[in-house]
Amino acid sequence: MDRQQTSDSSGTWQPKIIAFFCNWCTYTAADLAGVSRMKHDSHFRIIRVMCSGRVDPQFVIDAFARGADGVLIGGCHPGDCHYMEGNYKALRRFHLLSRMLMSMGIEQDRFRLEWISASEGEKVRTVINDMVRRIRALGPLRLPAGLAELDGELKTREEEILHV
Amino acid sequence: MKYLYYPGCSLKSTGRPYDESLRAVFAALGIELTELDDWNCCGATAYASIDENQAFGLAARNLAIAEAAVTDGPPTIVAPCSACFLVLTKTQRYFEDYDHVRDGVTRELAAAGLTYRGHVKVRHPLDILIHDVGLPAIAKLVQHQMKGLHVASYYGCQVVRPFATFDDPLYPTSMDAIMRSLGAETVDWPLKTRCCGGSLSGTIKEAGLRLNQHLLVEALRKGSDLVVTCCPLCQFNLECFQKQINKNYDERISLPIMYFTQLMGLAFGIPEKELGIRRLFIDPLPVIGALKGGVPAHV
Amino acid sequence: MSEQNGEIRIGFYVCHCGHNIANIVDVAAVARYVAGLPHVVVSREYKYMCSDPGQELLRQDIHDHRLNRIVVASCSPLLHEQTFRTATAKAGVNPFYFQMVNIRENVSWVHEDPAEATLKARDLARAAVRRVAAHKALQPKTVSINPDVLVVGGGIAGIHAALTLANAGKKVTLVERAPTIGGHMAMFDKTFPTLDCAACILTPKMSAVKNHPNITLWTYAEVTKVDGFVGNYTVTVKHKPRYVKEDLCVGCLECIDACVYKEAKVPDEFNRGLGKRKPIYIPFPQATPQVVLIDPETCIAVKSGKCKRTCVEKCDRLAIDLDQKESFDEITVGTIILATGFKTFDPKRVSYYGYGRYPNVYISLEAERLINASGPTSGELILRDGRRPKTVGIVHCVGSRDKNTHRWCSRTCCMYSLKLAHLLKEHSGAEVYNFYIDIRAAGKAYEEFYDKLLEENVHFIRGRVAEVTDWAVIPEEEGKLIIRVEDTMIGVVRRIPVDMVVLAVGMEPQSDAQEVRRLFNISCSTEGFFLERHPKLAPVDTFTDGIFIAGACQGPKDIPDSVAQAGAAAAQALMLIDSGEIKLEPNTAYLTEQNCSGCKSCINLCPYHAISYLDDKHRASINEALCKGCGTCVASCPSGAIHQNLFEDEEIYSEIDGLLAERSPESTAV
Amino acid sequence: MIGFLSTKHRNKNGSPSSGRIKKVVRRVKYESELDLGFGETIAERAYGQKLLSCIQCGTCSATCPLSYYMDFTPRRVIAMVREGFREEALNSFTIWLCASCYSCTVQCPRQIHITDVMYTLKREAIAREMFPRRYPIPILARGFFDIVHRNGRNSEGRLLLYLYLRTNILKIFQNTRLGLHLLRRGRMSVRQEKIHRKEDLRSILGAVSPTREEPRS
């Protein structure tokens with residue numbers, strides 16, 4: 001069995017998405033979605049940060065490596081950052097990182113950056129539902145398993161080389 | 001400028017003068033119209049009353065043909081008939097907005113070996129004239145200024161509602177602007193988008209005729225010499241039922257109702273034969289010719 | 001008492017929140033599950049963790065079980081994090097050894113499947129338990145509060161807030177962008193439901209502002225820059241040139257008489273263009289300050305220099321300065337109250353009401369001016385075409401309750417329409433029709449006012465007007481404006497001919513509300529009004545500490561509500577000022593010097609200039625007093641030398657790991 | 001069933017002619033007589049749930065150019081649909097008078113697609129055959145449908161012929177003059193317009209899922 005939980009009570013595979021939400025906008029918007037009882041898909045887990053600029057690319061890679069099927073970053077709209085320009089930093093990093101992830105074979109739909117202001121509870125719902133839908137269509141990432149495989153492969157290569 | 005042209009059934013019969021004058025005017029403006037190959041009926045309002053999914057499939061065949069016909073850039077269909085314009089736009093919009101419409105249409109087209117990806121732009125001649133051609137280019141072609149002519153622009157309903165974005169849905173001004181660029185004066189009347197009743201004049205006479213009576217009386221009350229319109233059904237209702245309206249409601253109305261492209265053509269100096277002027281029931285030339293500096297009746 | 005021998009002892013509490021959480025999340029299962037996690041000593045469920053007994057439970061457990069880490073799974077940390085931190089601290093544990101799990105807003109309120117919700121709650125709880133183990137003890141930073149206050153906007157809300165603070169002995173700067181204070185209220189004739197005259201109750205407050213020793217009043221001025229943070233804001237204010245020296249002008253108005261324009265020709269803003277003014281003018285008789293100003297767009301002297309300058313000659317105080325330039329002031333304040341007000345809906349957006357096309361279609365503010373004794377017609381109800389109306393139609397909900405324009409109810413239009421109906425009838429004896437969707441008269445003595453209007457035989461037709469035209473169908477309609485409406489009570493479409501139409505336009509955000517909110521670093525709600533911190537419990541706070549909102553900039557409000565909010569905002573500011581200091585989240589960044597490679601990549605990242613480069617030591621240095629704690633530099637440091645309190649890498653990795661960790665076989669059974 | 005209004009029985013002001021003795025009618029509606037799911041069904045078929053957000057403001061009725069002729073204003077039809085008065089809604093004259101001018105749709109403050117609701121009700125009524133036998137509007141729709149179905153294009157001359165044959169044959173003579181005028185000016189022909197690839201059409205229409213508008217039981 002995979003490291004991560006892979007199925008719901010009925011046994012079908014369910015994606016797992018890690019969401020880094022800015023405290024001032026998207027996290028508040030998610031609260032608003034809650035207060036407004038806007039029902040949405042449950043297969044995501046929020047980590048609160050003070051700013052989308054705090055999201056270290058390593059966090060994203062770590063999440064994928066530990067079995068996440070998708071990573072979502074939620075920040076303030078351009079021009080609205082609580083800390084003036086942290087979201088621009090997040091955007092720049094996002095572009096670099098998504099290119100890198102793609103080269104690793106991680107599909108574009110699995111990594112997403114969204115601007116969601118504190119009042120956009122509805123957008124939290126649509127973004128999450130949409131992301132879950134896309135990732136369901138892609139299926140499990142199985143990066144940990146893939147990494148283990150790669151690890152094993154490297155080891156056999158190593159052994160081959162050593163034996164030669 | 002090159003566009004695909006979707007005349008629709010009406011422009012092949014009652015709306016022939018619209019078809020003729022539109023082609024002539026667009027040619028004069030250097031616009032190339034290519035008639036859509038083997039187009040079929042858009043489905044109009046009546047079809048959707050019977051089977052909406054079929055109506056979408058029917059309309060989408062035209063969109064699919066258009067998409068296949070143009071390889072460079074998104075294809076644009078010019079649809080002069082209001083009903084066609086509405087139905088094709090609606091099909092395009094619902095295709096984008098509703099999954100079940102998109103899935104249904106895709107499946108239906110596939111059965112005929114056709115595909116549609118949703119890239120067609122459906123546009124009305126007014127939109128093209130205002131936004132692509134521009135009023136200065138129109139004014140430049142005018143040979144006979146329509147000075148002193150009081151024109152009521154009648155848009156009808158379906159050209160501006162509910163999907164068109166090129167003008168206000170209840171108080172549009174694009175046709176008025178074109179008429180002013182011909183030198184004419186436009187009357188500000190509140191009924192410019194009030195429905196003519198469509199097919200009601202054939203089905204529920206009292207309702208249909210009454211609507212047209214209101215339109216004609218108000219256009220006259222505001223001092224119009226003639227009415228220009230952009231819809232074949234509106235033109236038909238307003239013009240062809242004037243006798244019956246006079247009889248039923250004790251009116252004495254004789255108001256020329258013409259297509260806006262016909263008046264443009266006259267202003268451009270295009271011979272009236274090419275504009276289908278003789279196909280109208282009420283000859284507008286006396287009104288226009290009577291004006292100082294207007295078009296003499298023999299053009 | 002915590003961590004005496006390095007042992008981590010975690011207490012975990014899951015809250016039922018009555019049925020709010022417990023109905024969807026199997027709280028008992030969550031508590032059982034967490035009990036089995038490493039370091040967890042106590043794991044409990046409780047009905048209301050935020051209640052006194054809930055907090056007492058926590059305190060008792062800390063004592064009895066020597067707990068040194070606390071995790072509470074309940075509502076959003078934005079709501080109760082402070083509550084539980086305080087409870088933790090009271091029991092002798094550093095408050096930052098606490099971590100909160102949001103299983104209400106993020107779980108039970110948004111998910112419907114109990115199994116899925118419970119699973120999610122357990123994942124989140126597990127992540128928090130892992131995270132809290134990595135927490136460090138921290139001390140909150142405190143900053144002192146500058147007692148001076150800035151109030152932006154000189155409408156009734158701004159005026160009331162400024163006076164309240166000034167009367168409490170605080171120094172207030174009131175900045176208003178118009179040439180006078182008074183705002184919309186100054187334009188009203190009477191106020192509902194008491195019908196007392198707006199000017200009579202407002203002008204004393206206006207002059208009180210002008211004369212108050214603690215208030216600096218800057219009109220015709222705008223805030224252009226805001227720096228700093230709670231307690232210590234530095235604000236730049238631009239003074240627009242009025243071409244008149246404010247300190248010299250005494251408001252004798254002789255310059256206006258002397259103007260080369262003998263007749264007033266320029267549409268007068270205060271009377272909504274219904275009256276005329278000269279290029280040199282005073283907005284209205286009671287304008288505060290009583291200082292004239294010159295409109296550069298129409299003044300010949302300012303525009304071309306070719307003028308006899310009779311006004312300059314006339315003024316023996318030499319107050320007129322046609323070369324005046326804009327100037328800037330910088331002030332420091334501790335708190336800011338925004339009372340920037342609203343804008344009325346522009347009915348040209350709804351073409352079917354004919355505003356701008358038919359001269360006798362008015363908006364409500366124009367109607368106020370028409371019946372006002374100091375208005376353009378001296379209170380005579382004379383229409384633009386010179387007629388006196390015999391019938392008037394008041395159209396409610398113009399630009400309100402309409403998804404095509406604004407979804408919200410503007411809250412004031414029903415009542416001011418009733419007021420206008422009464423006043424118009426009183427002034428002209430006209431038949432008055434109100435066209436409404438619903439009458440919203442929910443205020444003290446409002447319903448009684450509605451009752452009075454009904455008894456005055458004003459017509460109330462329940463139906464939203466579809467169009468106003470001049471289309472006459474029968475002779476009786478000739479020359480009239482025709483209102484087409486369904487009388488929904490009777491179920492018949494009616495055509496009602498009237499002489500005058502009043503559009504009861506709704507309230508919308510100021511057109512520059514977005515720029516203003518960026519300037520002050522606050523948020524707007526979806527409709528564009530300023531967003532309050534909490535809709536019920538923090539209605540005048542914003543998400544930015546030290547910045548408060550009052551009046552219609554937060555949402556449509558009538559005068560009593562605006563004044564109440566202004567008082568509340570003043571009280572919130574006073575609370576900060578009188579406590580003298582505020583505790584800030586210790587989420588600042590810090591540097592481990594030995595790891596810094598001196599690459600300088602962080603230096604330009606910091607928008608607050610909190611990071612500098614020490615040339616002698618070849619490494620960066622962080623000034624924690626300037627750091628606001630976004631963490632952008634932390635994420636960018638290639639050598640991992642920068643860290644953030646409360647959001648340490650290790651803490652976030654633990655959280656990721658916890659969320660994605662393998663579950664033990666027993667736990668999969670829900 | 002509610003009868004269709006006829007202008008003949010009304011005086012100039014549109015109110016019932018006076019002088020006739022009115023019958024006393026007992027009116028009550030029991031919940032069990034209603035189709036309580038009707039509102040949701042129609043809302044779903046007419047693009048979205050917005051129908052349910054109607055605030056009964058009457059904008060649709062007031063902007064409708066034909067509401068003067070309706071037995072129930074469009075607002076009341078929406079109320080009936082929402083509350084499950086299925087028979088009344090489907091029997092109303094209102095749905096047939098709708099000329100699809102979309103005034104109500106663009107002005108509705110709740111953005112209800114009222115024209116689509118009317119289409120949906122028309123289809124529902126046609127599926128249930130809830131309209132009088134010689135009633136011209138559904139017949140015209142059906143005639144148009146058949147012609148286009150067969151040939152891919154409409155032919156206005158044929159359509160009019162079809163309509164008058166099936167409703168009131170006498171009207172043909174009333175309108176002959178108009179027809180002749182149109183013929184003479186080349187604006188009408190009884191020749192049938194056809195598309196070339198009629199097999200396309202058959203395939204497309206054949207592929208439409210058959211279970212679209214089953215009447216609710």
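**Exercise 1.** Does Cys230(B) count as buried or exposed, and at what relative accessibility?

*Solution.* The model under study is predicted. Step 1: the relative accessibility of Cys230(B) is 0%. Step 2: buried means under 20% relative accessible area. Step 3: Cys230(B) therefore counts as buried.

**Exercise 2.** Explain why Cys230(B) forms no bond with the closest cysteine sulfur.

*Solution.* Step 1: the closest cysteine sulfur belongs to Cys231(B), 6.7 Å from the sulfur of Cys230(B). Step 2: a disulfide requires sulfur atoms within 2.5 Å. Step 3: the separation of 6.7 Å is therefore too far for a bond. Cys101(D) is likewise in no disulfide; the nearest cysteine sulfur, in Cys195(B), lies 4.8 Å away. Cys101(D) is buried, at 8% relative accessible area.

**Exercise 3.** Identify the disulfide of Cys197(C) and describe its geometry.

*Solution.* Step 1: the sulfur atoms of Cys197(C) and Cys200(C) are 2.3 Å apart, and the two residues form a disulfide. Step 2: the count over all chains is one disulfide. Step 3: the angle about the S-S bond is 90°, and the link is right-handed. Step 4: Cys197(C) has 21% relative accessibility and counts as partly exposed.

**Exercise 4.** Describe the surroundings of Asp31(A).

*Solution.* Step 1: Asp31(A) is located in helix α1 of chain A, which covers residues 26-35. Step 2: with a relative accessible area of 9%, Asp31(A) is buried. Step 3: Asp31(A) touches residues of chain C, including Ser76(C), Leu78(C) and Asn102(C). Step 4: the side chains of Asp31(A) and Asn102(C) make a polar contact at 3.2 Å.

Technical notes:
Residues numbered from 1 in each chain as written. Chains lettered and ligands numbered in written order. Predicted model: local features only at pLDDT ≥ 70, side-chain atom pairs only at ≥ 80, totals over all residues. Heavy atoms only, no water. Helix = DSSP H or I, 4+ residues; strand = E, 2+ residues; numbered from the N terminus. Buried < 20%, exposed > 50% of the residue type's maximum accessible area, 1.4 Å probe, protein only. Contact = heavy atoms within 4.5 Å. Polar contact = N/O pair within 3.5 Å; in protein donor to acceptor, adjacent residues only side chain to side chain. Lists of a residue's contacts leave out its neighbours within four places in sequence.
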